[in-house]
Amino acid sequence: ALPTGGKSFTARYRPSSQFSEQSSEITPTEETDLIYGRHPVLTALENEHSINRLWITTRLRYDPRFHHLILQAKDNGAVIDEVEPMRLDQITGRANHQGIAAQIAPYSYIELEDLISNAKAVTDPVIVVADGITDPHNLGAIIRTAEAIGAHGLVIPQRRAAGITSTVMKVAAGALETFPVSRVVNLGRALEQLKEEGFWIYGTAVTGSEPLQSVKFSGPVVLVVGGEGEGLGMLTQRSCDVLVSIPLQGKTPSLNASVATGMALYEIYRQKSQNTLYLDKLQTIALKKQ
């Protein structure tokens with residue numbers, strides 16, 4: 001897992017007509033999430049994420065990067081509290097809050113049909129499927145990497161896997177504001193639906209698979225990555241068209257799930273880039289012959 005620079009957790013706040021130390025103590029629940037740190041909160045504000053309450057130091061409130069966005073959030077119904085850094089230490093469990101924290105509404109997942117439709121609006125899309133990733137730090141790192149490299153969405157199962165929490169949002173470093181995630185009841189059925197829509201399914205596996213660099217990726221691609229330790233389940237492996245592996249030369253037997261995802265996505269997009277350059281070159285030659 002990747003370090004997040006502090007602790008994130010879900011939180012609920014006791015209702016009160018007036019803000020006070022006693023009325024705003026935090027008890028963990030799954031109904032609302034707390035995010036903190038300048039980049040995650042700034043990204044949420046810029047994308048008009050639904051914010052219920054925001055705690056900010058006086059110095060940061062009037063920072064040009066935040067000031068007009070905070071006024072906009074207030075107009076949209078958010079409660080804005082100017083607080084001392086010590087109060088933010090209490091709210092975040094002494095995490096690296098950088099002078100700001102926000103209570104946001106629960107994450108809104110996209111329907112699988114909508115994710116597929118949006119992805120197919122571009123040529124040769126790539127969707128990532130995470131099978132049984134239970135560590136929220138790994139899930140957040142996968143989302144950050146996938147969005148940065150250019151993937152068009154993520155599919156995760158409802159059971160025996162991490163969902164989108166404040167920890168995931170923190171590690172994803174703002175990627176979730178533009179990167180859609182679908183949460184499905186039956187992962188096998190979701191993979192079959194992706195096949196029906198023309199996607200080729202590539203699963204990562206240690207044994208019985210082709211080396212990553214020898215596989216030719218083309219057309220719409222789904223990359224399926226397995227959970228920590230156990231990897232892809234047998235049912236998921238059977239749903240894949242091709243199983244690929246990343247050859248390792250050292251004595252460490254396996255890679256972190258997010259690292260393996262990044263390496264596989266890089267190879268997919270490297271090949272797509274080469275194919276684009278090759279087609280562009282052929283088109284240029286054809287035009288010169290006319």
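Biologist: At what relative accessibility does Lys195 count as partly exposed?

Modeller: This is a predicted model, in which local features need a pLDDT of at least 70 and side-chain atom pairs count only at pLDDT 80 or more, whereas totals for chains, interfaces and linings use all residues. Residues are numbered from 1 along each chain as its sequence is written, and side-chain values use heavy atoms, with hydrogens and water left out. A residue is called buried under 20% relative accessible area, exposed over 50%, and partly exposed in between (1.4 Å probe, protein chains only). Lys195 therefore counts as partly exposed, its relative accessibility being 25%.

Biologist: With which residue does Lys195 form a salt bridge whose closest N and O atoms are 3.8 Å apart?

Modeller: A salt bridge here is a side-chain nitrogen of Lys or Arg within 4 Å of a carboxyl oxygen of Asp or Glu, and the structure holds 9 of them. The partner of Lys195 lies 3 residues away in helix 8 (residues 187–196), about one turn of the helix; helices (H or I, at least four residues) and strands (E, at least two) are DSSP runs, numbered from the N terminus. This partner is itself partly exposed, at 33% relative accessibility. With the closest N and O atoms 3.8 Å apart, Lys195 is bridged to Glu192.

Biologist: How far apart are the closest N and O atoms in the salt bridge between Arg270 and Glu267?

Modeller: These two residues are separated by about one helical turn because they stand 3 residues apart in helix 10 (residues 257–289). Arg270 is partly exposed at 32% relative accessibility, whereas Glu267 is buried at 9%. The closest N and O atoms of this salt bridge are apart by 2.8 Å.

Biologist: Which residue do salt bridges that share partners join with Glu192 and Lys195 into one network?

Modeller: The bridge between Glu192 and Lys195 has already been described. Salt bridges that share partners join these two residues into one network with Asp241.

Biologist: What is the phi of Arg94, which is not a glycine?

Modeller: Most residues other than glycine have a negative phi. Arg94 lies in the loop between helix 4 (85–92) and strand 6 (100–104), where it counts as exposed at 66% relative accessibility, and its salt bridge with Asp89 has its closest N and O atoms 3.8 Å apart. Its phi is positive, at about 60°.

Biologist: Which residue, in the loop between helix 5 (112–119) and strand 7 (126–131), has a positive phi of about 50°?

Modeller: The residue in question is partly exposed, with a relative accessible area of 33%. It is not a glycine, although its phi is positive. The residue in that loop is Asp124.

Biologist: Which side chain is joined to that of Asn138 by a polar contact of 2.9 Å?

Modeller: Asn138 has its place in helix 6 (residues 136–149) and is buried, with a relative accessible area of 3%. A polar contact is a pair of N or O atoms within 3.5 Å; within protein, one must be able to donate a hydrogen and the other to accept it, and residues adjacent in sequence count only if both atoms are side-chain atoms. The contact of 2.9 Å joins Asn138 to Asn256.

Biologist: What percentage of the 290 residues in the protein chain is buried?

Modeller: The protein chain has 10 helices and 13 strands. Among contacts (heavy atoms within 4.5 Å) with a separation of 6 or more, residues 24 or more positions apart account for 76%. Of the 290 residues, the buried ones make up 48%.
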